[in-house]
Structure formats: structure tokens, C-alpha cells
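Thanks for coming, everyone. I'll take empty space, helix packing and a few backbone details in turn. Have a look at the model first.

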Amino acid sequence: MNAHVAVYAKDPKVFEQLKSSANSTHFIVHDAPDLNEYKENHFVVCDVETFQERLAEFKAIKKHLLYVLSSGTDEENMKLVEQHELYHLVGLNEQIFGTEIMCSFKKTFDKKIWGLRSYMGDDAEIKIISLSDSKHTNEMIQDALGNFDFQDYFSSPIEYIQVMANELISNSLYKGPNKKRQEQGLESVDRRSPVFLKGSDLVQVTLGMNDMGVALSVQDSFGGLSYDLLIASLKRSFAEKTVMEKKDGAGLGLYLTFLHSNQFIINYRENFRTEVLCIIDKNKRYKNYKQRIRSFHFFQEVPGEKTNDK
């Protein structure tokens with residue numbers, strides 16, 4: 001079964017790269033077709049300029065099917081995401097964006113949004129850690145990272161992954177459980193206090209590497225990070241760039257994760273599961289890593305759909 005993709009971009013190279021990336025996939029790419037024929041249940045890709053020129057038309061597209069390509073700064077892109085409630089803002093990076101978009105299409109098309117395999121492939125090296133508390137978290141992450149070869153990377157990716165992992169694990173250990181405690185009429189637990197999760201509440205950390213990059217995933221079983229909460233958190237962090245004092249966290253974890261990622265991805269099902277996933281592309285030079293325009297993706301699984309964990 002094939003899926004059709006409509007592409008609207010000023011630069012013809014955008015269509016050509018997407019068409020090339022779609023080879024040997026289920027996706028058939030069309031250059032600037034009549035949008036009325038593609039606005040229902042088809043993937044649509046456009047550049048920022050075309051999106052803004054035809055705003056009313058593109059905003060009628062279902063959020064999970066619309067992909068906007070941008071060469072803007074992080075601040076410009078996040079304002080665009082917030083203002084227009086975009087689920088997919090893709091950095092316009094030559095020779096990269098086509099593959100990234102096809103991976104995202106496949107997740108939606110297959111209804112398999114969870115985990116690293118959509119990005120890493122079956123041959124990737126994967127390490128999984130299950131955590132019940134914050135004890136020895138640093139050591140466990142360090143230990144897992146020691147299984148990967150970073151010789152073709154700039155000098156800082158291990159440090160960045162550790163920072164992101166620690167922030168996201170702390171969020172998962174405290175924010176989700178605290179919400180659950182509040183619903184039960186109990187007091188929230190401060191991050192300076194010990195916490196112990198068990199059974200299905202365990203936090204799962206997954207690290208993966210292939211010949212394209214390295215990825216980190218942190219999953220919890222609470223499903224509390226809605227799109228609105230996510231955007232509000234990032235908006236505040238971009239505006240203030242200061243720590244938000246709260247019992248259950250500093251409020252800076254998502255912001256730091258966004259800034260250290262080349263792709264920042266949220267998989268979400270309300271009151272069921274949240275997964276924050278970040279990818280750093282393989283780069284020997286730090287300059288190339290920093291010049292990569294960051295991408296933002298939000299995937300939501302709705303109740304009744306099959307949950308896949310591949």
C-alpha cells in the first residue's frame with residue numbers, strides 16, 4: 001500500500017531531494033499538485049515561505065500530516081511552531097532533511113511511533129536501562145555509553161548525552177509520579193527526596209548508534225507531557241532562559257535537551273506514555289554539529305490505536 005506526498009517549495013531541489021529519498025519506500029512524491037486533492041489524509045511538505053503565503057490552506061491540513069521546512073534560527077522556528085501549532089518543523093539541511101522526513105512519515109504510516117528503531121534501523125547497536133530511582137544514574141549512563149564508539153564525533157557528544165539523560169530521567173522520576181500523587185490527594189515529592197518506582201512505572205532509557213548518528217530515548221508510563229505543556233515549557237525557557245523553581249523539577253530539562261539535539265522528538269499518548277527522543281548526527285567537526293538546523297517533531301498516539309514497541 002502506497003501513501004502520497006504533496007510538496008510545495010520555491011526551490012526545486014527540495015522536491016528532487018524528497019523524491020530521491022522516497023525511492024524504495026511506500027511514498028509517492030508529487031510536485032505542487034492541487035492542494036484540494038491532497039488536504040485529506042495525505043502527507044504535505046512545504047517551505048516556510050509557501051506556508052506563510054498560503055497560510056489558510058495549509059492550516060486546514062491535519063497537524064500530524066503537515067511538515068514545514070525552515071532554515072530559520074531556533075527562536076524563529078519555535079515561534080513558528082507555537083504560533084501555528086505545528087507538529088513537524090524540519091530543519092532545511094542539505095542531504096539530510098529528505099531521509100529525516102521519510103523516517104517520520106513511516107512512523108505515522110505504520111502507526112509505530114515508539115522507540116529508536118524507526119531512526120536507527122535493525123542493525124543499530126542498542127542499550128536499554130530500566131530505572132526505579134535516581135541512585136547511580138550517572139554511572140549507569142556512563143557505563144552504557146562506554147559500549148559505543150565516538151571516534152568519528154566531535155569532542156562533546158558524550159557530555160551532551162549525559163546532560164540530556166540526567167535531566168530527562170529526573171523529569172520522568174518526579175513529574176509523572178507527582179501528578180499521580182496529586183490526583184490521589186497526596187503531597188508532591190521534592191527532587192531532593194528519594195523516590196522509588198516499581199513495575200510498569202519504571203523509567204526506560206535507551207541509547208542507540210548507527211552509521212548516521214547517536215540517539216537517546218527516555219520513556220515514562222505516565223503520559224503527562226501534552227503538546228500544550230511542551231510548547232509552554234519551551235516558550236518560557238526561550239523567553240527567560242532561567243530555571244523555574246518547582247518541587248518536582250528545574251523546568252529546564254526539555255530546553256537543554258532541545259538545544260543539544262539535532263532532532264528533538266516527542267512521542268506521546270495521554271495518561272499512558274511519554275517518550276522524549278533526541279538524535280545527534282555523526283559529525284567529526286563541532287562547527288558542523290552547531291550549524292545543523294534543529295528539527296522538532298511531535299507524534300501523538302490516540303486511544304484505540306495499536307501500541308508498538310519496536
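Helices here are DSSP runs of H or I, at least four residues long, and they are numbered from the N terminus. With that label in hand, take the cavity. α4 gives the most to the lining of the largest cavity, three residues. One caution before I go on: this is a predicted model.

So, space first. Rolling a probe the size of a water molecule over the atoms shows where empty space is left. How many cavities of 30 Å³ or more are there? The count comes to one. The space in the largest cavity is about 30 Å³. Two elements give two or more residues to its lining: α4, residues 74-84, and β11, residues 295-300. The full list of lining residues is D74, N77, M78, L89, F258, R294, S295 and F296. By class, that lining has four nonpolar, two polar and two charged residues.

Keep F258 in mind from that list. F258 is also one of the buried residues of α10. Helix α10 covers residues 253-260. Is α10 largely enclosed or open? Six of its eight residues are buried, so α10 is largely enclosed by the rest of the structure. Those buried residues are G253, L254, Y255, T257, F258 and H260.

Next, the pocket. The largest pocket holds about 830 Å³ of space. Three elements each put two or more residues into the lining of that pocket: α5 at 97-110, α6 at 117-120 and β10 at 273-281. Which of the elements has the largest share of the lining? That is α5, with seven residues. In total, 33 residues line the pocket. Nearest its centre lie T99, C103, S118, Y119 and M120. For anyone thinking about chemistry, the lining divides into 14 polar, 11 charged and eight nonpolar residues.

Let's stay with α5. Two packed helices are described by the angle between their axes and the distance between the axes. What are those values for α1 and α5? Helix α1, residues 12-21, packs on α5 at an angle of about 55 degrees. Their axes are 8 Å apart. Angles of 65 to 115 degrees count as roughly perpendicular, and those under 35 as roughly parallel. At about 55 degrees, α1 and α5 are therefore oblique to each other. The crossing of the two helices, α1 and α5, is right-handed.

One residue in α5 deserves a stop: F109. Is F109 buried or partly exposed? Its relative accessibility is 26%, so F109 counts as partly exposed. Buried would need a value under 20%. F109 and H26 are 83 residues apart in sequence. In space, their C-alpha atoms are 9.2 Å apart.

Last, backbone angles. Most residues other than glycine have a negative phi. Here are two residues with positive values. K111 has phi near 55 degrees. K111 sits in the loop between α5 and α6, and both of those helices help to line the largest pocket. The relative accessible area of K111 is 47%, which means it is partly exposed.

Then there is A32. Its phi is near 50 degrees, again positive in a residue other than glycine. Where is A32? It is found in the loop between β2, residues 27-31, and β3, residues 43-47. A32 has 48% relative accessibility, so A32 too counts as partly exposed.

That's my tour. Over to you.

Note on methods. Residues numbered from 1 in each chain as written. Predicted model: local features only at pLDDT ≥ 70, side-chain atom pairs only at ≥ 80, totals over all residues. Heavy atoms only, no water. 1 Å grid on protein atoms, 1.4 Å probe; cavity = no way out; pocket = protein on both sides within 12 Å on 5 of 7 lines; lining within 4 Å. Points joined across faces, edges and corners; volume = space filled by probe spheres on them. Nonpolar A, V, L, I, M, F, W, Y, C, P; charged D, E, K, R; others polar. Buried < 20%, exposed > 50% of the residue type's maximum accessible area, 1.4 Å probe, protein only. Axes fitted to C-alpha atoms, helices over the stretch in contact; angles between N-to-C directions. Parallel < 35°, antiparallel > 145°, perpendicular 65-115°, else oblique. Left-handed = near helix turned anticlockwise from the far one by under 90°.
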